[in-house]
Amino acid sequence: MTGLLVFFVCAFLLVAGYFVYSRIAEKIYGVQPTMSMPAVTMADGVDYVSMPSWRVFLIQLLNIAGLGPVFGALAGCLFGPVSLLWIVLGCLLAGAVHDFLAAVASAERGGCSLPEFVGDNLGKVALRFMRMLCVFLMLLVGVVFTLGPADMLHGLLPSVSVLGWCVIIMVYYFLATVLPIDVIIGKIYPIFGALFLFMAGGMLVTLPFSGYEVLPNLDFTHMVHPKGLSAWPMLFVTIACGAISGFHATQSPMMVRCLGKAKHLRPVFYGAMVTEGLVALIWATVGLTLRDVIGLDGITPAVAVGKACSLLLGPTGAVLAIIGVVVLPITSGDTAMRCCRLMLAEAIHLNQRSVRNRLMLALPVFAVVIVVANLDFDVIWRYFGWTNQTLACFTLWALAVLMRKRGRNHWIVSLPAVFMTLVCVSFLLCSPDCMIGVPVLPATLAGLAVSALFFILFLRTCRAGD
């Protein structure tokens, strides 16, 4: 009973945080609810298409979800119940603010993409770096979110090979990338959303009645991975979606171009991140509860999902839940490819109204994805998490600069920026995945030095009114 109470306290904090902290963030930034939105002022019938706010919310939620709140949460819970704390605090104080304010800043600048916004506030060097980093991340997402769901679909329907599923998914991605956003993405996401909600809700409802003690181990001081990895800094990169993820800020501008009224910015973007945090919380709780039962320490997250769904939902429910999990990466992969096209178009100032111009960018992008997909999956994944969180650092620093220039209280974003810079530098130096191999303590000291330097430069070079 104690474990179930802990879960509901965490869930309550997330929901309460939306109603309280999101309004604080909105007020500090100075969001104007009467601001004209680019979906109306720049409508083009392709990428700038006004849609109902509930539909935009659902698309944004599925865009940012991916495999992260499921696979990341299951992998993160191997560090112990401290993963629950990171999901709650990271989501409310960093991730949701990051997603929401990135969307607002984009809306103020006509729905500009993330690299353009960062460049406006951090300079031309940052602009060029962010263009390369964002495109690189979008390509990685396209690859990872093709191979991952293809493998799971092959498990459901072995008659179709993994390669066959990859081809099917790629064809869908291509159509979703070049067609107007309301033709495919705007139409089918409600169906995908129903599967998504069934998956998360089903696990939540059945877990307390499964006969297993919910959260049997609540020792928050135990933070050592079965492979000997310490929670610092590994946990903060392992659980990204559900806490904070730089990928989200690339998606926010795309959906800003589809939102008709500024008053919906907070419920759509802060709300979508809190909802994702709840999903991550559910899956972390499932993983911590069934860790020994399903042998989580020695299996992949994909296998863990199948075993957990079978135990809690039975054979039929498990199939539907697994399909719901498969939907998550697919509904991030398609918009990642679309976002890549939009970023490239903005960089070279190529109008996207015509199909010809869209194909000029989409075809080479997909050619690169196909080539990268033939590389070792472990190598691809090795740098995905770090790249993702580095992107979050740049977004937070750009927001901090913008708010300081406007004379606003920047601490709401500058403190998360300092923390995430510390995480990324420490992880890069000490993570065995990144093959540098510095011990945790000196890596952390180096991270502290770099994050302190960034903060000092931020205070010295950025002044209100600049």
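This passage describes the overall fold, the internal cavities and the surroundings of threonine 444 in a predicted model.

The protein chain contains 17 helices and zero strands. Its C-alpha atoms fill a box of roughly 60 × 50 × 40 Å when the extents are taken along the principal axes. For a chain of 466 residues, a compact globule would be expected to have a radius of gyration near 23 Å, and the value of 21 Å computed for the protein chain agrees with this expectation. Buried residues account for 58% of the 466 residues. Among the contacts in the protein chain that have a separation of 6 or more, 84% are made between residues 24 or more positions apart.

A search of the whole structure for internal space identified two cavities of 30 Å³ or more. The largest cavity encloses about 40 Å³ of space, and its lining is formed by Ser113, Thr250, Pro253, Met254, Arg257, Cys339, Leu342 and Met343. Helices α11 (246–256) and α13 (301–348) each contribute at least two residues to this lining. In terms of residue character, the lining of the largest cavity comprises five nonpolar residues, two polar residues and one charged residue; Arg257 is the charged member of the set.

The second largest cavity likewise has a volume of about 40 Å³. Leu4, Phe7, Leu204, Leu207, Pro208, Val214 and Thr285 form its lining, which divides into six nonpolar residues and one polar residue, with no charged residue. The polar position in the lining of the second largest cavity is taken by Thr285.

At the level of a single residue, threonine 444 was examined in its local setting. Threonine 444 belongs to helix α17, which spans residues 440–461. The relative accessibility of threonine 444 is 15%, and because residues under 20% are classed as buried, threonine 444 is counted among the buried residues. A polar atom of the threonine 444 side chain lies 2.8 Å from the backbone oxygen of valine 440, and valine 440 is itself the residue at which helix α17 begins. When neighbours within four places in sequence are set aside, the residues in contact with threonine 444 are Trp232, Leu422 and Ser426.

Terms used. Residues are numbered from 1 along each chain as its sequence is written. This is a predicted model: local features need pLDDT of at least 70, side-chain atom pairs count only at pLDDT 80 or more; totals for chains, interfaces and linings use all residues. Side-chain values use heavy atoms; hydrogens and water are left out. Helices (H or I, at least four residues) and strands (E, at least two) are DSSP runs, numbered from the N terminus. Buried means under 20% relative accessible area, exposed over 50%, partly exposed in between (1.4 Å probe, protein chains only). A polar contact is a pair of N or O atoms within 3.5 Å; within protein, one must be able to donate a hydrogen and the other to accept it, and residues adjacent in sequence count only if both atoms are side-chain atoms. Contact means heavy atoms within 4.5 Å. On a 1 Å grid over the protein atoms alone, a cavity is a set of points where a 1.4 Å probe fits but cannot get out, and a pocket is an open set with protein on both sides within 12 Å along at least five of seven lines; lining residues have an atom within 4 Å of a point. Grid points are joined across faces, edges and corners, and a volume is the space filled by probe spheres set on the points. The radius of gyration is taken over C-alpha atoms; the globule rule is 2.2 Å times the number of residues to the power 0.38.
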